[in-house]
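Student: I would like a close look at one part of this model, namely how its strands pair. Please go through that pairing slowly, and then tell me about the helices and the model's confidence.

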Amino acid sequence: MDEQQAVAAFAALGQEHRLRIVRALVTAGPDGLAAGALAGEVGVSGTNLSFHAKELSNAGLIQSRREGRSIIYSAAYPALSGLIEFLMRDCCQGRPEVCTPAVEALAACCTPTGDTAHA
């Protein structure tokens, strides 16, 4: 991810409902959520969800697909990973203790036992 893409991603995430949408989709996993369920979980109307989802999609952070009559939204994990990598790329400058808490937090969310901690 380059700087321009990171700026677009942060701009899209810089709104309360959009941040909630991304977090809900990350929690939902790769299967995603139907638009109605996502709107209910985030506390927005269907129209507002569409507006916010468009902004997040334009920034490459989420994607959508049609299943029958439903639109299913899901997190764009490669883009989200790229954003994290962009932030952390040069973080420790030879001092791994600086990055260790972030690395441990990421490792904890991906435990194979299913014990996930999405705050």
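Tutor: Happy to! Two strands pair if DSSP finds at least two bridges between them, and the elements themselves are DSSP runs numbered from the N terminus, with at least four residues for a helix (H or I) and at least two for a strand (E). The model is predicted, so to speak of a local feature requires a pLDDT of at least 70, and side-chain atom pairs count only at pLDDT 80 or more, while totals for chains, interfaces and linings use all residues. Residues are numbered from 1 along each chain as its sequence is written, and side-chain values use heavy atoms, leaving out hydrogens and water.

Let's find the strands first. The protein chain has six helices and three strands, and along the sequence they appear in the pattern α-α-β-α-α-β-β-α-α. The strands build an open sheet in the order E1-E3-E2, with antiparallel pairing. E1 and E2 (62-67) are the edge strands; each has a single partner strand, so one side of each is left without a neighbour in the sheet.

Now look at E2 and its partner, E3 (residues 70-75): the two run antiparallel and are joined by six bridges. You can follow the register at two places. Arginine 65 has isoleucine 72 of E3 as its bridge partner, while glutamate 67 stands opposite serine 70 in E3. The connection between E2 and E3 is a hairpin with two residues between the strands. Glycine 68 sits in that turn, with a positive phi of about 65 degrees.

On the other side of the order comes E1 (residues 33-34), which is joined to E3 by two bridges and also runs antiparallel to E3. Here alanine 34 stands opposite isoleucine 72. Isoleucine 72 is worth a second look on your screen: this residue of E3 faces alanine 34, and it is also the bridge partner of arginine 65.

What about the helices? Helix axes are lines fitted to C-alpha atoms over the stretch in contact, and angles run from 0 to 180 degrees between N-to-C directions. Helix H2 (residues 16-28) packs with H3 (residues 35-42) at an angle of about 120 degrees, and their axes lie 10 Å apart. On the H2 side the contact (heavy atoms within 4.5 Å) is made by His17, Arg20, Ile21, Ala24 and Leu25, and on the H3 side by Leu38, Glu41 and Val42.

Another packing to inspect joins H1 (residues 3-13) and H5 (residues 77-88), whose axes come within 10 Å and cross at roughly 115 degrees. From H1, the residues Glu3, Ala6, Ala9, Phe10 and Leu13 take part, and they meet Leu83, Phe86 and Leu87 of H5.

Stepping back, the C-alpha trace of the protein chain spans about 50 × 35 × 20 Å along its principal axes. As for confidence, pLDDT is the predictor's own score for each residue, from 0 to 100. The protein chain averages 87, and 91% of the residues score at least 70. Among the elements, E1 of the sheet has the highest mean pLDDT, at 98, and helix H6 (residues 96-108) the lowest, at 74. Residues 114-119 have a pLDDT below 50, and this stretch makes seven contacts in the model beyond near neighbours in sequence.
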